[in-house]
Amino acid sequence: MSDVPQRVAIVDYGTGNLYNVHRACQHVGLQAAITVSPEEVLAADGVLLPGVGSMPHAMAFLDETGLSDALRSVAERGTPLMGICLGMQMLMEQGSEFTRHQGLGILAGEIVRFPSRDGNGTELKVPHIGWNSVRRPSGKTEDPWRDTPLEATPDGEYMYFVHSYRVVPADPRISIGVTRYGGAEFCSAVARGNVFGCQFHPERSGPHGLRLYREFARRVEAWRQVAPR
Amino acid sequence: MITRIIPRLDVKGPNLVKGVHLEGLRVLGKPEAFARQYYEQGADELLFMDVVASLYGRNSLLELVERTADEIFIPLAVGGGLRSLDDIRGVLRAGADKVTLNTAAVRRPEFISEAARRFGSSTIVVSVEAIRRSDGSYEAYTDNGREKTGLDAVAWAVRAAELGAGELVVTSIDREGTGKGYDLDLTERIARAVPVPVIACGGAGTAEHVAQVLGTGAAAASLASLLHYNQARRYLAEPNQFSPEINVAHLQRPGFAKVQDIDLIQLKAYLTDRGFVSRPLVAHV
Amino acid sequence: MASPEVSEQLEVRYGLPREVKFCTRCVISNQRPNSTVEYQHTGDSKKETIRFDAEGVCDACRYAELKRTKIDWASRERQLVELCDRYRRHDGSYDCLLPGSGGKDSFYAAHVLKHKYGMHPLTVTWAPHMYTDWGWRNHQAWIHAGFDNYLCMPNGRVHRLLTRLAVENLFHPFQPFIFGQKALAPKMALLFDLPLVFYGENEAEYGNPLKDTNSALRGESYYSAENIADLHLGGTSVREVETSYGLDRNDLQPYLPANPNRLAERGVQVHYLGYYLRWHPQSCYYYAVEHGGFQASPERTTGTYSKYNSIDDKIDDFHYWTTYVKFGIGRATYDASQEIRSGDINREEGVALVRRFDGEWPERFAQQVFDYLSIGDKEFPVASRQFAQPVMDRQSFLKLADSFRSPHLWKREGGEWRLRHVVWDESSEAQ
């Protein structure tokens with residue numbers, strides 16, 4: 001049993017409001033620290049990659065600071081890693097915002113902008129802003145939310161979104177949550193083992209969002225007990 | 001249609017205030033208490049405006065924002081007197097997700113771009129407060145409705161969106177506080193002209209008014225009087241929580257004739273029936 | 001800062017107090033002149049000013065304190081009910097006369113008299129010099145909320161001439177309005193045989209001696225006089241006005257007071273509703289919006305922050321600019337002081353508002369006002385000869401203004417006029 005104090009790293013890559021992510025962590029009893037240090041990220045029991053903003057700037061910063069490599073190691077090692085909004089998008093391989101830029105490549109897939117018109121030809125307001133329902137995708141034989149931070153969340157629960165891009169995973173198995181906007185469904189949550197991503201902002205999604213943090217905290221604690229030091 | 005219902009809390013010092021045409025501000029209670037109620041009643045977001053910020057040249061809501069963010073986990077937009085990137089950073093640090101800009105943006109429109117680049121477009125909301133001119137056009141105002149700009153409000157809104165504002169809050173000063181309904185013409189003109197979401201504000205007196213404005217293309221509706229008077233009645237504030245020199249006589253019977261007596265839960269239920277979907281009511285444990 | 005020796009050498013005009021002080025509760029200064037009988041107002045008049053007590057609190061704030069704590073409003077209201085019961089008519093006639101502009105205060109007064117106290121008011125309006133668009137709209141909204149109204153508009157040329165005279169001699173463009181505002185109602189009361197006249201607030205609430213607030217009645221000297229020829233209009237005797245300015249007695253009718261004998265015969269009484277009902281201007285605003293569609297001005301009034309106080313006359317901006325010049329007190333000071341006393345704002349905010357807005361040059365209607373004040377020879381063949389510069393323009397107006405600045409209030413600094421004492425800088429307060 002590890003008696004080293006729990007430590008969750010919140011990666012600060014220069015944009016986005018981290019303070020509310022930090023508050024949500026505190027609220028559920030997670031000891032979290034905002035950091036730009038790859039060492040701290042590697043030593044953490046759990047890692048949060050939050051944010052809003054532009055991918056090229058974010059990726060450039062992560063690459064320069066060595067945080068990209070640290071994050072990839074974390075993903076590989078098995079430490080619980082949660083990407084939020086832009087953070088989720090950066091887990092993917094490829095972005096298309098401004099330039100064809102590389103993401104972290106932890107998950108296979110790309111990032112695509114919402115179209116300016118929906119299926120009926122009506123103008124679609126971008127970014128997608130507001131509360132929307134997150135559901136399990138149809139056609140899954142097993143419960144895709146089991147063993148993920150969404151585990152305790154009722155299906156179809158409403159979460160808060162603000163984004164102009166959506167992820168398109170290369171492997172449909174990692175898409176575990178879908179949401180409808182502009183007449184079509186897009187992937188709003190991804191998971192593969194210890195890596196989880198949500199397009200919405202759980203720290204802004206009221207009590208259900210906090211529950212997601214609580215579930216993440218449970219995973220962090222479980223990992224801390226068994227993790228090799 | 002997905003929408004958001006956003007209570008707007010105008011704050012002066014420690015108090016929540018409300019006026020008519022942004023004038024004659026009266027104290028209705030404590031903003032933290034009202035914010036908490038609205039959060040629990042299903043508010044999609046909250047908007048805090050510091051109404052004396054331009055008078056004092058600074059935004060004084062940091063403490064309120066911090067206290068709110070510690071307990072309330074929905075998006076929070078904060079405005080009033082934000083003049084520099086540092087001002088914005090300070091408010092975001094305190095817990096705001098978005099900031100609204102008006103005076104600073106009118107004085108130097110490039111500030112919108114600078115702020116959007118630094119903090120992300122979705123963080124930067126431009127607040128357009130307008131009065132209808134006799135020729136049917138609208139003029140934008142700053143300083144809580146006190147100073148004319150000479151700018152056509154619709155043209156200014158288009159420019160603000162082009163410069164990087166992620167959203168616009170559009171307030172009709174003519175309707176604000178009257179309970180006579182939103183200015184549908186103003187809202188529609190701007191909503192049609194810009195590609196970003198428009199939050200309509202100013203004039204809601206009934207649930208039907210809110211449905212109307214959402215039907216004109218506003219992505220979200222903000223409201224104050226419609227909710228605050230009802231709230232003030234339900235939770236009558238103790239007079240001794242206010243400074244003794246402040247007039248609170250109107251709190252004995254808070255209300256305003258043209259404003260319907262409904263709460264946020266009832267309002268959202270009505271809107272859901274009319275096809276406008278927003279954050280559902282959930283239990284707050 | 002002036003040293004005590006220097007300040008003793010400064011001239012003090014208008015009989016104002018040499019030392020400038022600011023009320024410790026509101027933001028008014030001790031230079032504020034009390035209401036006077038304008039018929040006696042000449043260039044030599046000495047002003048009575050607002051009193052400050054030993055704690056530095058002004059009479060108006062003391063009165064506000066009384067309003068809040070001591071006055072038995074239930075008893076006052078009973079007196080109003082008794083008064084109304086005595087005069088109320090049940091045969092379809094009017095039973096009281098209500099002078100008003102259609103602003104928030106007169107709206108409240110008319111509405112509450114009619115709907116709460118069961119009276120049948122006839123409203124009467126003395127027109128502003130120059131209606132603002134929104135002022136006119138509010139007047140119409142008032143009528144359409146359900147009141148009969150007689151609007152009296154004085155002869156435009158006479159009004160302009162008297163205004164110009166008042167500006168030249170007293171730097172007081174508002175004076176002709178004040179004459180009519182006080183004189184019209186009693187005369188209409190005689191005309192319509194309505195002895196009961198209600199005004200709204202008592203000006204005493206703003207700083208006239210406290211004893212003036214003890215009565216419901218307006219002093220008769222304000223609106224009646226025995227000997228017309230001795231009265232002064234625009235700081236000029238009626239005799240002189242009729243001799244040298246091409247006006248005759250008939251031209252002056254709207255400005256002359258009623259005959260006191262006739263008023264006494266008929267038992268005309270002028271009451272302040274504000275004596276019986278606790279007056280709160282901000283509450284009147286809400287009342288007027290709620291019940292009658294009153295609309296605040298779409299633009300901030302020059303020289304202040306307010307958008308709903310006294311917004312119907314374009315010359316108002318200039319009126320308050322002249323009080324700023326003569327007494328160092330601008331519109332923001334008046335508005336903020338009133339709102340502090342009512343508990344609508346605190347002193348800190350009041351000070352900030354005065355600092356931001358007081359004394360703002362009234363640009364928005366300036367040219368219209370200068371045109372109004374110009375006495376051209378075609379329209380005024382006789383009067384124009386009396387003026388060295390019959391056409392008023394910005395330059396001549398500013399030059400005239402300078403001749404009314406009291407040295408104990410103003411100094412010249414960097415090519416500009418600056419007040420020696422300002423409420424936001426305590427170190428500038430009087431030595």
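User: Which element gives the largest share of the lining of the largest pocket?

Analyst: In this predicted model, α11(C) gives that share, with seven residues. Other elements of chain C also take part: α2 (59–69), α3 (73–87), α4 (104–115) and α13 (331–342) each supply at least two residues of the lining.

User: How much space lies in the largest pocket, and which residues are closest to its centre?

Analyst: The space in the largest pocket is about 1,400 Å³. Of its 43 lining residues, Ala249(B), His250(B), Arg278(C), His280(C) and Ser283(C) are the closest to the centre. By class, the lining divides into 21 nonpolar, ten polar and twelve charged residues.

User: How should the size of an interface be read? What area do chain A and chain B bury between them?

Analyst: The size of an interface is often expressed as the accessible area lost when the parts come together. Chain A and chain B bury about 2,600 Å² between them, with 58% of it on carbon and sulfur atoms. On the side of chain A, the residues that lose the most area to chain B are Arg23(A), Trp131(A) and Arg204(A), together 26% of what that side buries. The contact takes 31 residues from chain A and 38 residues from chain B.

User: How many salt bridges does the rule find across the interface of chain A and chain B?

Analyst: The rule finds two salt bridges there. Arg204(A) forms a salt bridge with Asp97(B), with the closest N and O atoms 2.7 Å apart. The interface also has 13 residue pairs in polar contact. Among the elements of chain A that each supply at least two residues to the side touching chain B are α1 (19–27), β8 (128–133) and α6 (206–226). That side has 13 nonpolar, eleven polar and seven charged residues.

User: What area do chain B and chain C bury between them, and how many residues of each are in contact?

Analyst: Chain B and chain C bury about 2,500 Å² between them, 47% of it on carbon and sulfur atoms. Glu23(B), Leu55(B) and Arg146(B) supply 24% of the area that chain B buries against chain C, more than any other three residues. In this contact, 30 residues of chain B meet 27 residues of chain C.

User: How many salt bridges and polar contacts are counted between chain B and chain C?

Analyst: The count is four salt bridges. In a salt bridge between Glu349(C) and Lys12(B), the N to O distance is 2.7 Å. There are also 17 residue pairs in polar contact between the two chains. On the side of chain B that touches chain C, β3(B) gives the most, with four residues. By class, that side has twelve nonpolar, six polar and twelve charged residues.

How values were computed
Residues numbered from 1 in each chain as written. Chains lettered and ligands numbered in written order. Predicted model: local features only at pLDDT ≥ 70, side-chain atom pairs only at ≥ 80, totals over all residues. Heavy atoms only, no water. Contact = heavy atoms within 4.5 Å. Buried area = accessible area lost by both parts, 1.4 Å probe. Salt bridge = Lys/Arg side-chain N within 4 Å of Asp/Glu carboxyl O. Polar contact = N/O pair within 3.5 Å; in protein donor to acceptor, adjacent residues only side chain to side chain. Nonpolar A, V, L, I, M, F, W, Y, C, P; charged D, E, K, R; others polar. 1 Å grid on protein atoms, 1.4 Å probe; cavity = no way out; pocket = protein on both sides within 12 Å on 5 of 7 lines; lining within 4 Å. Points joined across faces, edges and corners; volume = space filled by probe spheres on them.
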